[in-house]
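Me: Hi! Could you walk me through this one with me?

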Amino acid sequence: MATSAPPIPRVELAYAPTPLLKLERLSAELGVELWVKRDDLTGLLETGNKIRKLEFLVGEALAQRADTLITCGTLQSNCCRCVAAVCARLGLRAVLALKGAQPAEYDGNLLLDRLLGADIRYCTDAEWAKIDETLHDIAARERAQGRTPYIIPESGATVVGALGYLACGQEVAQQVRHGAPEFDTIAITDFSGGSQAGLLMAKQLTGLRAEIVGVPIAWEAARVRAYVTDVIERARSRFGLAVRPPAEVRLLDGYQGVGRAAVRKDELDTMLKLARVEGIVLDPVYTAKAFTGLLDTLRRDPRALGRRVCFVHTGGVFSVFPYRAALSRLVDGDGLVES
Ligand SMILES: Cc1ncc(COP(=O)(O)O)c(C=O)c1O
């Protein structure tokens, strides 16, 4: 990492570098060169973006001699499943505080959480409303049993987590140095915006030319921008990185749809389109919403983001399965994909 400060603890977990693939048919259709960075293939259970954040979060946890990782999310949280997988791999204990009641049957990420041996605490709405307190209560109980817990907030949204996407951006810069094309824009899905913040820091530290554009899928734009700015400022003050918040955090706004857990027909159409035209499966909760925003932008103006655009596929494939009912209706429909 480009810093004179002491090395930041990191545990190598991701299978990286992940490939850069050109979407040949979609590029021809849209009239713009469209690529995908396959961060859905980061390994350890096709884990997606969270494993990159966990490289640094677990690095910090182990430096603090933690033996238990505690985190929280929805029943289909990708981050929670990733924490469960990493804990199983490293011999740590995982405690997941999940929003909602225990379902009659496990599915998708929750099924994997249980398969991987994570301990689940189902949170009522009241517990979820004060989730920070709930996580600290869980940590206190773990401590009382002689364990050393480390808390990871939802989505790994801390400055330490964002370093994972600084590393991803450094990886792209290296791929470019080794012959991959220069992109005009790199687009990424935003929940908190931590991954976008990491890429923005990499742009400043490596000279990556691409504009870094986020597509918020849940939070409103102002909240994402404030979070991205805050993370970059913290990275400078805490780690001495030569980074500063950009004058403008660029977003494709307005594609939050009907909320994180709900999914609209146009988002499912996007999934079907990419699956059938390029053989790449998006997830309904995050990447389908963001890719819908990207496609809409490029259909309106193929040059809106420059000549060559790269979408970072941040994973989430296991949440396809809990949406089986809506997807079944779609694939058994008239077979036409809206375009
Ligand atoms: C598949 C997927 N993509 C993107 C994101 C967004 O990550 P961030 O919180 O860093 O914006 C998440 C995390 O919530 C995710 O699970």
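Reply: Happy to! A word on classes before we start: Ala, Val, Leu, Ile, Met, Phe, Trp, Tyr, Cys and Pro count as nonpolar, Asp, Glu, Lys and Arg as charged, and the others, Gly among them, as polar. This is a predicted model, where local features need pLDDT of at least 70, side-chain atom pairs count only at pLDDT 80 or more, and totals for chains, interfaces and linings use all residues. Residues are numbered from 1 along each chain as its sequence is written, and side-chain values use heavy atoms, with hydrogens and water left out.

Me: Cool. How many residues surround the ligand?
Reply: There are 15, and the closest are Lys-50, Lys-53, Ser-155, Ser-192 and Thr-314. To belong, a residue needs a heavy atom within 4 Å of the ligand.

Me: And what's the split by class in that shell?
Reply: The shell has 10 polar, 3 charged and 2 nonpolar residues.

Me: Which helices and strands each supply at least two of the shell residues?
Reply: Those are α2 (50-63), β7 (185-190) and α8 (194-206). Helices (H or I, at least four residues) and strands (E, at least two) are DSSP runs, numbered from the N terminus.

Me: What about polar distances to Lys-50 and Ser-192?
Reply: A ligand oxygen is 2.9 Å from an N or O atom in the Lys-50 side chain. For the side chain of Ser-192, the distance from a ligand oxygen to an N or O atom is 2.7 Å.

Me: Switching topic, where is the cis peptide bond?
Reply: It joins Ala-16 and Pro-17, with omega at about 5 degrees. Pro-17 lies in the segment before β1 (20-22).

Me: Which non-glycine residue has a positive phi?
Reply: That's Arg-65, at about 60 degrees, in the loop between α2 and β3 (68-74).

Note on methods: Polar contact = N/O pair within 3.5 Å; in protein donor to acceptor, adjacent residues only side chain to side chain.
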